[in-house]
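Work through the exercises below with the model open. Try each task before reading its solution.

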Amino acid sequence: MDVEGMMMSEVLTTRVAGNIGIVEIASPPVNALSTAVRAAVIEGLRVHNADDAVAAIVILCAGRTFFAGADIAEFDHLPIKQPDFDALMTTAESSPKPVVAAIHGTALGGGFELALACNYRVAVPSAKVGFPEVHLGLLPGAGGTQRLPRLIGTGAALDLILSGKPVPAAKAAEMGVVDLLAEEGKLEETAIAFAQDVAAKGAPWPKVRDRAVAGGLDEIEAIKAKHKRQFKGFKAPGHIVQALEAAVTLPFEEGLRREQELFGELLISRESAAQRHVFFAQRLTAKVPDIGKDVPILPIRKVGVIGAGTMGGGITMNFLQAGVPVTLVEMKQEALDRGIATIRKNYERTAAKGRMTMEQVDKLMSLIDPVLSLDALADVDLVVEAVFEEISIKKDIFGQLDGICREGAILASNTSFLDLDDIASATSRPEWVVGMHFFSPANVMPLLEVVRGAKTGKEVIATVMKLAGTIRKTPVLAGVCHGFIANRIMEHLIVQSQQMVLEGVPLRTIDKVMNDYGFAMGPIAMLDLIGLDVLVHGASGRTLMGDFVAAGRRGQKTGKGFYDYDADRKATLSDEAAKIIGDFATYTGIAPDPGQSEENIRQRLLYPVVNEGAKCLEEGIALRASDIDVAAILGYNWPVFTGGPMFWGDTIGAATLLQGLKDLEGRYGSAFTPAALVQKLATEGGRFVNR
Ligand code: 3H9
């Protein structure tokens with residue numbers, strides 16, 4: 001038996017219950033439809049179709065879920081091996097005996113497509129079905145775009161496929177996708193009884209392919225408009241629309257062929273390669289090579305947050321939503337009241353949108369214990385300090401915590417730039433000190449940088465990495481340095497954009513170049529959004545942004561910053577801003593160079609980010625290049641379809657990057673000096689990202 005044959009026999013169990021043949025697949029963790037699994041399903045169907053004692057067949061999966069889709073890793077090794085998806089779907093759909101898919105967990109992508117190729121679908125209420133392919137830069141390529149509109153109509157199908165969101169079984173049943181809801185825990189017996197019924201009724205058994213498509217091209221236009229923001233920079237949404245158009249205009253078989261063509265184009269696209277990279281990168285960040293499963297995870301039952309400002313409030317909300325009580329400390333009653341009121345207002349806004357009840361708001365608020373003294377933190381399991389970014393203040397607080405907190409409590413700082421080891425030195429227990437760097441707004445942004453100090457204990461790292469998942473963040477481990485990973489690499493983009501502003505490059509050109517690259521917002525508009533006062537806080541000496549703040553131009557919130565803003569937050573150019581820029585340029589004596597090419601601007605903004613990422617790798621600040629990509633994407637909205645700065649650096653190639661950096665260094669100085677790793681990869685070959 002060949003290797004695939006052996007693997008197939010390991011994942012497949014065929015058994016017979018009464019007159020029903022069961023094809024059971026067990027391929028942990030998520031029963032992805034790898035070559036071996038596809039072969040196993042086909043073999044299971046063959047076995048039961050050849051057995052005269054079997055009247056109908058049930059396909060089900062062991063473990064936590066029905067098939068979660070194609071094995072995404074296989075897409076890096078094209079062509080897809082035989083038996084391919086077409087063979088699998090055709091076998092299921094043309095089975096002479098009726099086939100029932102019994103669904104639990106998540107039937108996603110190719111898994112959902114297999115269910116649609118079966119005659120019937122039975123699911124437990126906790127199950128979900130959906131097509132997440134769009135998040136991988138793909139489309140459902142195994143008949144999903146042709147079968148789903150035949151079941152639920154063109155508009156609903158397009159909506160579901162473009163959204164990428166799984167639908168709960170009850171909703172799927174309402175839509176006509178699921179034929180029967182089984183009681184939780186009784187999936188197999190319900191599916192068997194259902195299969196017996198349909199077998200007893202006799203042929204013909206329904207096939208989705210035989211149904212007419214409900215809804216026409218006009219429905220497609222309406223749904224396209226609803227999702228229009230998704231199209232910019234991404235290839236897949238446009239291809240998905242074309243596949244749905246094919247479902248409307250072409251006979252089933254021709255539609256399938258069109259779908260396969262479109263899928264093939266996406267599969268070899270740079271965008272899909274980038275998004276598949278991000279899929280695996282996001283799941284890799286939590287794995288720390290020297291921290292195995294044997295390292296204990298400490299229970300975090302109660303948290304203290306110091307500082308009820310914007311950051312502290314956002315951090316608090318994360319824990320409340322995870323059901324963890326928070327003791328929130330402020331120095332003054334007024335600041336404490338303001339912080340609590342802001343949290344309540346945020347939740348009430350969510351409730352007003354119908355996404356939460358007022359009872360839930362009250363319940364969350366009741367988890368906060370507002371206090372005015374650090375002494376109240378004596379019994380918490382974790383403290384997150386989120387006060388003003390000033391080393392002496394932080395050290396003072398950590399010194400006090402050392403005397404207050406119980407032994408074994410984790411002491412975390414939300415510092416975004418400061419030296420964590422220096423902060424830890426203020427305590428007698430640096431092994432319990434860690435960085436938990438949230439991104440603003442902390443209750444929304446999905447990134448948590450976990451900063452490992454020189455002495456941070458392994459169980460502290462393991463606990464905080466795990467805790468990130470509990471509060472729905474993706475953790476990225478960083479070493480101690482100025483700005484850790486995301487801020488350190490992205491600072492270049494900000495600094496260079498400011499430099500170009502002073503050289504007279506039009507603000508709109510700088511923003512446009514980054515919009516064209518894929519950022520939803522250019523760097524200048526982003527500074528206005530964050531607030532120039534926030535950015536200059538603590539800066540010493542005269543700065544361009546400081547001059548803006550002095551002139552009352554603090555950004556979008558004051559209706560004026562680099563741009564002027566109207567009531568709809570539409571940005572226009574401002575003579576006053578131009579004068580502030582001109583005056584500051586004169587003050588610094590910067591040479592004007594307003595006519596730079598867009599390519600020059602792009603390289604100036606992006607190459608140093610990749611270069612700094614390379615330095616983070618050299619210095620061991622980041623564990624792996626893909627972690628840097630995740631930090632940039634989740635912390636700074638770096639466009640996903642580029643794969644992040646390091647993956648993008650690989651697509652342009654180290655040799656091109658090196659040459660570009662050398663040219664920029666010649667013109668603009670040491671900010672562009674190539675990292676040793678860039679030079680190494682350029683001369684020896686290789687990539688930043690190695691999966
Ligand atoms: C497709 O189907 C194309 C077809 O239309 C057409 C073909 C022609 N493949 O997320 P987790 C791994 S495209 C390979 O932490 P959870 C994952 O890397 C596919 N590996 O668990 C991780 O590995 P590790 C459409 C996969 O419980 C482990 O499983 N389907 C796949 O939080 C656990 O994953 C999708 O896009 C896969 N398909 O969430 C579904 N899925 O332990 C993608 C998971 O080494 N998957 N792994 O880090 C998911 O959305 C979630 O994994 C799922 C479980 C919701 C299923």
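**Exercise 1. A strand pair and its sheet**

How many bridges join strand S10 (residues 303-306) to strand S13 (residues 382-385), and do the strands run parallel or antiparallel?

Before the solution, two notes on the model. This is a predicted model: local features need pLDDT of at least 70, side-chain atom pairs count only at pLDDT 80 or more, and totals for chains, interfaces and linings use all residues. Residues are numbered from 1 along each chain as its sequence is written, and side-chain values use heavy atoms, with hydrogens and water left out.

Step 1. Fix the terms. Strands (E, at least two residues) and helices (H or I, at least four) are DSSP runs, numbered from the N terminus. Two strands pair if DSSP finds at least two bridges between them.

Step 2. Count. S10 and S13 are joined by four bridges and run parallel. Val 305 stands opposite Val 384 in S13.

Step 3. Place the pair in its sheet. The order is S12-S11-S10-S13-S14-S15-S16-S17, an open sheet of eight strands with mixed pairing. Strand S12 (368-371) and strand S17 (474-479) each have a single partner strand, so one side of each lacks a neighbour in the sheet. On average, neighbouring strands of this sheet are turned by 25° against each other, direction ignored.

Step 4. Add the helix. Helix H14 (residues 333-352) packs on the sheet and touches strand S11 (326-329) and S12. The direction of H14 makes about 160° with that of S12. Here, axes are lines fitted to C-alpha atoms, for helices over the stretch in contact, and angles run from 0 to 180 degrees between N-to-C directions.

**Exercise 2. Two helix crossings**

Describe how H19 packs with H21, then how H25 packs with H29.

Step 1. Choose the descriptors. Two packed helices are described by the angle between their axes and the distance between the axes.

Step 2. Take the H19 pair. Helix H19 (residues 486-502) and helix H21 (residues 523-530) make an angle of about 105°, and their axes are 10 Å apart. H19 is therefore roughly perpendicular to H21 (angles under 35 degrees count as roughly parallel, over 145 as roughly antiparallel, 65 to 115 as roughly perpendicular and the rest as oblique).

Step 3. List the contact (heavy atoms within 4.5 Å). H19 supplies Leu 493, Ile 494, Ser 497, Gln 498 and Val 501, while H21 supplies Pro 523, Ile 524, Met 526 and Leu 527.

Step 4. Sort by class. The contact of H19 with H21 has seven nonpolar, two polar and no charged residues. Ala, Val, Leu, Ile, Met, Phe, Trp, Tyr, Cys and Pro count as nonpolar, Asp, Glu, Lys and Arg as charged, and the others, Gly among them, as polar.

Step 5. Repeat for H25. H25 and helix H29 (residues 676-684) pack at about 95°, with axes 7 Å apart. They are therefore roughly perpendicular to each other. Asn 611, Ala 614, Leu 617 and Glu 618 of H25 meet Ala 676, Leu 677 and Val 678 of H29. By class, the contact of H25 with H29 has five nonpolar residues, one polar and one charged.

**Exercise 3. The cores**

Which residues touch the most other members of the largest nonpolar core?

Step 1. Define it. A nonpolar core is a set of buried Ala, Val, Leu, Ile, Met, Phe, Trp, Tyr and Cys residues joined through side-chain atoms within 4.5 Å. Buried means under 20% relative accessible area, exposed over 50%, partly exposed in between (1.4 Å probe, protein chains only).

Step 2. Name them. Of its 97 residues, Leu 377, Leu 401, Leu 544, Phe 562, Leu 606, Trp 638 and Phe 688 touch the most other members. Helix H25 (residues 598-618) gives this core its largest share, nine residues.

Step 3. Inspect one. Not counting residues up to four places away in sequence, Phe 688 touches several residues, including Val 610, Ala 614, Leu 617 and Leu 677.

Step 4. Look elsewhere. A second, separate core of 86 residues includes Val 100, Phe 131, Leu 151 and Ile 220.

**Exercise 4. A histidine**

Is His 239 buried or exposed?

Step 1. Locate His 239 in helix H10 (residues 236-249).

Step 2. Read its accessibility. His 239 is buried, at a relative accessible area of 9%.

Step 3. List contacts. Leaving aside neighbours within four places in sequence, His 239 is in contact with Leu 139, Leu 262, Glu 265 and Leu 266.
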